[in-house]
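Let's learn to read a protein model together, one feature at a time. Keep the sequence and the 3D view open as we talk.

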Amino acid sequence: MIDRYLLRYFLTVMDSGNFSRAAAQCNVSQPTLSVGIAKLERLLGRTLFHRTNRRVELTEAGVQFAGHARRIESEFAAAERSLVGDGATRPTLRLGILASIPADWIGALAARFAQRLGEERIEVSEGREGELLERLKRGRIDAALTIVRQGDGEVLRSEGYALALPASHRLAQQPVVEAEALAGDVMIVRRHCELLAETSRHFTARGVRPFFTARTTSDDRALAMVRAGLGVTVMPDGFAADGVARPRLAGFDHVRQIGLMLGAHVADEVREGSPALAAVREVISAGR
């Protein structure tokens, strides 16, 4: 079975004559697009492009396949337009959201979405970074609010990481805290954290091997446990709560880029005109 995103990759490479330009137009990295074209060629059992340093050209098999691919994509688009145009249903944007996005940001997004429900339906799901990327590739979601790496998406905000300590903690008023100063503290593990391994290595390299008093996949619960004095943890800067101090962790200089990644199947008019995507860009750029 040939996924629609592979047809879009093929048609974009054919139209642009260049893998780099095609990747930019599909909002994916060049390696991702190249892997997609290679997968399509394996499925068809034919080489579709002659590749040179300056340009790619269709093989004979590519020419034969091009007409079919164009018709199939045209039928997809026509079906989508017919459903939207007859007034029976509004367009739907399927948005995946990284599990470690702060709840305050999600609340602000939800409020904006609620204001625009008459124009566009929004289906929101949650997942880890790898899960969201896989859903995008398979066309199960249209867009992902997630970590953007290596130019694969549209960066909306950058943020670092800091400690989360109860306000009553002896180090809560310090702007920067050394890992060694926390050797006697118990810690809370955020199991879905994208930097879980790096955080562990940071403390271990400094001789700190704490007792883990709790493990959770909920950042709200992690903050509640920190506020109650049960332990300390490391979180992205966007998380805040009354009763929780956020000093820097010395030497822990990791930064994450938060932004939008769009599926290759998403039409240009949706990329540019979706009210939901516009809300995501505005809210996340503002950090709330």
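Q: Which residue stands opposite G259 in β13?

A: Before we look, remember that this is a predicted model. Here T146 stands opposite G259 in β13. T146 belongs to strand β5, residues 143-147, and β5 pairs with β13 in the antiparallel sense over five bridges.

Q: Which strand pairs with β13 over six bridges?

A: That is strand β6, residues 154-166, which also runs antiparallel to β13. In this pairing V155 stands opposite G259. So that you can picture the side chains too, here is the general idea: in a regular strand they alternate between the two faces of the sheet.

Q: Is strand β13 mostly covered or mostly uncovered?

A: Mostly covered: of the eight residues in β13 (residues 255-262), six are buried.

Q: Now a helix, please. What distance should the 15 residues of helix α3 span?

A: The rule to use is 1.5 Å a residue, and for α3 (residues 30-44) the expected span is 21 Å. The C-alpha atoms at the ends of α3 are 21 Å apart, which agrees.

Q: Which residues of α3 are buried?

A: They are L33, G36, I37, L40 and E41. These residues cover an arc of only 135 degrees around the axis, which puts them on the same side of α3. On the face turned away from that side you will find the exposed residues P31, V35 and R42. Just after α3 comes G45, with a positive phi near 70 degrees.

Q: Where do the buried residues of helix α8 lie as seen down its axis?

A: The buried residues of α8 (residues 219-227) are D219, A222, L223, M225 and V226. They fall within an arc of 165 degrees, so they line one face of the helix. Among the elements that cover them are β6, β8, β9, β10 and β11. α8 is followed by G229, whose phi is positive, near 90 degrees.

Q: How should I read a nonpolar core, and how many residues does the largest one have?

A: In soluble globular proteins, nonpolar side chains tend to be buried together. In this model the largest nonpolar core has 28 residues, and L95, F113, L145, V280 and I284 have the most contacts inside it. At least two residues of this core come from each of β3, α5, α6, β5, β13 and α10. The element that gives the most to this core is α10, with six residues. Apart from this core lies another, of 23 residues, including V28, V56, A66 and A264.

Q: What is L95 in contact with, leaving aside its neighbours within four places in sequence?

A: Its contacts include F113, L145, L260 and V280.

Q: What phi does N27 have?

A: Most residues other than glycine have a negative phi. N27 is not a glycine, yet its phi is positive, about 65 degrees. You can find N27 in the loop between α2 and α3.

Q: Does N27 count as buried or exposed?

A: N27 counts as buried because its relative accessibility is 18%, and buried means under 20%. Leaving aside neighbours within four places in sequence, N27 is in contact with D152, G153, L260, M261, L262 and R271.

Technical notes. Residues are numbered from 1 along each chain as its sequence is written. This is a predicted model: local features need pLDDT of at least 70, side-chain atom pairs count only at pLDDT 80 or more; totals for chains, interfaces and linings use all residues. Side-chain values use heavy atoms; hydrogens and water are left out. Buried means under 20% relative accessible area, exposed over 50%, partly exposed in between (1.4 Å probe, protein chains only). Helices (H or I, at least four residues) and strands (E, at least two) are DSSP runs, numbered from the N terminus. Two strands pair if DSSP finds at least two bridges between them. The expected span of a helix is 1.5 Å times one less than its number of residues. The arc is that of the directions from the helix axis to the C-beta atoms. A nonpolar core is a set of buried Ala, Val, Leu, Ile, Met, Phe, Trp, Tyr and Cys residues joined through side-chain atoms within 4.5 Å. Contact means heavy atoms within 4.5 Å.
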